[in-house]
There are 2 protein chains.
Amino acid sequence: MKTGRVGAGAPTIDDVARLAGVSESTVSRALRSSRPVSEELRLRVLEAAQTLGYSPNPHAQALARSEDAAIGVVVHDSSDPYFVEILRGMLGPAEVGGRMVLVCDTQRRPDREFQYVRHFRSQRVQALLLAGSGFEDREFGARMTAEIQAFERAGGRVALIGRHHILGDSVRPDNEGGAYEMARALTDLGHRRIGVISGPASLTTTHDRLTGLQRGLNEAGIELPDRHVVVGDFTRDGGIKGLSQLLEAAPDLTAVLSLNDVMAIGALHEARRRGIAVPADLSIAGFDDIPVAADVWPPLSTVRVPMAEMGARAVELALGPRPTHVQIVRLPTEVILRKSTAPCRLSRPSSVPVSRAGPRPGARRLTSA
Amino acid sequence: MKTGRVGAGAPTIDDVARLAGVSESTVSRALRSSRPVSEELRLRVLEAAQTLGYSPNPHAQALARSEDAAIGVVVHDSSDPYFVEILRGMLGPAEVGGRMVLVCDTQRRPDREFQYVRHFRSQRVQALLLAGSGFEDREFGARMTAEIQAFERAGGRVALIGRHHILGDSVRPDNEGGAYEMARALTDLGHRRIGVISGPASLTTTHDRLTGLQRGLNEAGIELPDRHVVVGDFTRDGGIKGLSQLLEAAPDLTAVLSLNDVMAIGALHEARRRGIAVPADLSIAGFDDIPVAADVWPPLSTVRVPMAEMGARAVELALGPRPTHVQIVRLPTEVILRKSTAPCRLSRPSSVPVSRAGPRPGARRLTSA
DNA sequence: TTGTAGGCGTTATCAG
DNA sequence: CTGATAACGCCTACAA
């Protein structure tokens with residue numbers, strides 16, 4: 001027996017039923033157009049709902065059908081342009097059908113990530129999107145795998161972005177290949193003393209980019225001594241500090257690669273502050289190709305990661321038909337040379353040609369993978 | 001009688017109760033620490049919950065107490081740095097107590113805004129934050145006011161950012177004052193032929209900034225003919241097109257003010273493409289002072305809007321004690337002169353001193369309001 | 001301090 | 001095709 005009291009002020013299905021002179025079930029069916037309802041009643045119901053301004057309570061719906069018409073997105077840092085782009089890519093495909101997209105921010109802390117995933121699970125979202133690098137911590141990966149498999153057994157869908165130690169469908173940019181190509185690009189320009197502003201060691205992204213870079217440098221017979229690598233935190237400030245530390249430890253660097261653009265922009269800023277001309281005195285390159293990379297000065301050479309596409313593909317993965325096997329979508333990355341890098345002035349003419357692609361207006365591109 | 005079946009796979013309060021050998025109510029009380037529970041039972045419950053990996057179903061909670069421990073945020077464009085900053089400001093204060101923050105994106109379409117607000121309302125979020133300019137459409141304002149008042153009557157809280165034709169607590173940046181100050185700054189530099197890349201006419205933000213600008217120019221005895229104003233859409237592309245149109249209609253402009261930074265950055269790009277030196281040939285200024293404004297080239301002169309603070313204050317408004325009267329928090333804006341603006345070369349020495357503040361490293365500041 | 005018995009708004013099942 | 005009725009998982013008087 002419904003009390004009929006107005007509760008939180010919103011009309012309920014019961015109110016509509018009463019006004020239309022039908023049962024709750026009929027209202028539900030008419031509105032959700034699941035089962036056939038006579039044209040006459042349907043119209044009555046529609047009109048009643050209209051005049052009452054009725055809209056269903058999502059919680060009650062979610063509870064009753066134990067599934068929420070929403071999709072949960074977990075990002076490491078929602079103010080990082082990298083994630084903003086991924087999110088942008090997700091929004092279109094995710095919002096079809098009036099689905100809500102719920103975003104939360106973990107500040108790169110595994111415990112928070114775990115909490116949010118659990119929250120989304122108990123909230124019974126349709127799909128869960130983990131956008132952001134995985135953690136190297138395998139024990140954490142195991143815990144998350146368990147959580148996620150439970151979610152999937154219950155009918156939920158999951159898609160990961162990046163390389164995780166978590167079992168599940170994923171879309172992965174070719175970080176390793178992109179870093180390799182960037183290493184080649186830098187050495188082709190004649191650079192031999194190259195510094196790196198790295199990211200948190202706990203992230204697989206950091207690991208992969210570093211690995212690719214190493215491989216590229218090794219092939220060119222170049223060492224990467226420890227003092228040429230500093231750890232940043234993927235923020236602009238991290239880039240500022242990173243370049244400072246680097247120049248202290250190794251003042252003779254001719255090129256610096258930052259493992260993301262945001263830090264590279266910080267480095268650009270610090271270089272200017274110190275009166276170091278980029279690229280004349282020092283080449284600086286980034287990673288990601290976030291939208292502003294082309295607008296800073298000098299325009300940033302970087303490795304393009306298809307962030308928006310990654311987001312869109314992840315949504316497709318999570319919303320498409322359930323695959324029988326774990327799927328991995330691999331996306332290529334691409335070196336984009338703008339003006340923050342230049343041939344090394346100090347270098348004796350390199351045996352390798354400086355340019356491997358024909359000159360094109362604006363930027364030269366070297367696709368990876 | 002609970003079936004005890006595992007439902008969607010997640011343990012329920014019932015499972016915990018059984019394992020701990022107590023009643024559901026005791027579990028609820030122990031976990032939500034509302035009422036006193038004997039230490040012994042509380043421990044048993046906690047342990048049972050722990051081993052089961054129990055986490056409450058938010059929908060059931062929301063349904064039972066008809067209130068959701070979440071706060072809904074409506075933004076116009078989640079990839080616009082302006083909103084990213086506002087969001088960043090909200091996150092800290094909003095997330096205390098494990099609250100979820102749900103963000104949705106309206107693409108500046110009033111109908112979607114209305115839909116989302118209604119959705120959040122029926123979802124019974126604790127608070128609703130409308131972040132973004134209001135619409136000039138008063139009829140829309142009336143509809144939203146009704147919706148929002150219903151929400152508030154039901155116990156919800158609302159905070160608006162910007163000037164809306166909606167009744168409710170709000171935090172408002174001094175757009176009008178900032179634009180006025182920027183007009184003064186530009187005329188002080190000797191500029192008399194000033195172009196404007198405006199925003200969508202439907203937004204109050206556009207209106208206010210334009211008004212302040214007009215007032216400033218009028219005071220300096222300067223006209224703003226129609227052909228000196230083009231309408232942009234607050235995107236980078238809009239800025240590119242905007243500058244093109246402007247230069248076609250009035251090639252003799254010496255300064256251009258874009259009504260947001262994102263468009264100004266587009267304009268900077270277009271100027272470079274055309275071989276126009278900024279600021280030597282043309283001064284360009286923006287509005288907002290988004291984080292990258294200082295990193296583009298040349299560093300952008302702009303009107304600083306305290307976006308993050310706006311976000312934080314809005315959260316305070318919405319989460320703090322319910323005020324008896326409508327509250328309006330007014331936040332000052334501030335002109336920041338960097339290198340994208342310079343004295344007008346063509347100008348005969350102006351009677352007004354070029355600089356009104358002492359020179360300072362990096363930027364000069366003129367606070368509004 | 002603890003347990004029992006609704007109720008929150010909707011959907012699904014099962015008779016009519 | 002329509003209408004009762006029982007879940008869905010949790011909370012909260014009320015009773016013990």
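This report covers the pairing of chains A and B and their contact with DNA strand D.

## Basis

The model is predicted: local features need pLDDT of at least 70, side-chain atom pairs count only at pLDDT 80 or more, and totals for chains, interfaces and linings use all residues. Residues are numbered from 1 along each chain as its sequence is written, chains are lettered from A and ligands numbered from 1 in the order in which they are written, and side-chain values use heavy atoms, with hydrogens and water left out.

## Symmetry of the pair

A turn of 180 degrees and a shift of 0.2 Å along the axis lay chain A on chain B with an RMSD of 0.3 Å. The superposition is by least squares on the C-alpha atoms of residues with pLDDT of at least 70 in both copies. The two copies are therefore related as by a two-fold rotation axis. In chain A, V296(A) has the C-alpha nearest the axis, at 2.0 Å.

Both copies use the same surface: 98% of the contact residues of chain A recur in chain B. Contact here means heavy atoms within 4.5 Å.

## The interface of chains A and B

Chain A gives 44 residues to the contact and chain B gives 43. Together they bury about 4,100 Å², with 58% of it on carbon and sulfur atoms. Buried area is the accessible area (1.4 Å probe) that two parts lose on being put together, summed over both.

The interface holds 3 salt bridges (a side-chain nitrogen of Lys or Arg within 4 Å of a carboxyl oxygen of Asp or Glu). R236(A) and D295(B) form a salt bridge, at 2.7 Å from N to O. On the chain A side, helix 6 of chain A provides the largest share, 8 residues. That side divides into 21 nonpolar, 11 polar and 12 charged residues.

## Contact with DNA strand D

DNA strand D has 28 residues around it; T26(A), R29(A), S38(A), I13(B) and R32(B) come nearest. A residue counts as near if one of its heavy atoms lies within 4 Å. Of the strand D atoms within 4 Å of the protein, 66% belong to sugar or phosphate and the rest to bases.

Chain B reaches phosphate oxygens of strand D in several ways. I13(B) places a backbone N or O atom 2.5 Å from one. Q61(B) brings a polar side-chain atom to 2.9 Å from a phosphate oxygen. For S28(B), a side-chain N or O atom is 3.0 Å from a phosphate oxygen. The surface near strand D has 11 nonpolar, 10 polar and 7 charged residues.

Methods
Helix = DSSP H or I, 4+ residues; strand = E, 2+ residues; numbered from the N terminus. Nonpolar A, V, L, I, M, F, W, Y, C, P; charged D, E, K, R; others polar. Polar contact = N/O pair within 3.5 Å; in protein donor to acceptor, adjacent residues only side chain to side chain.
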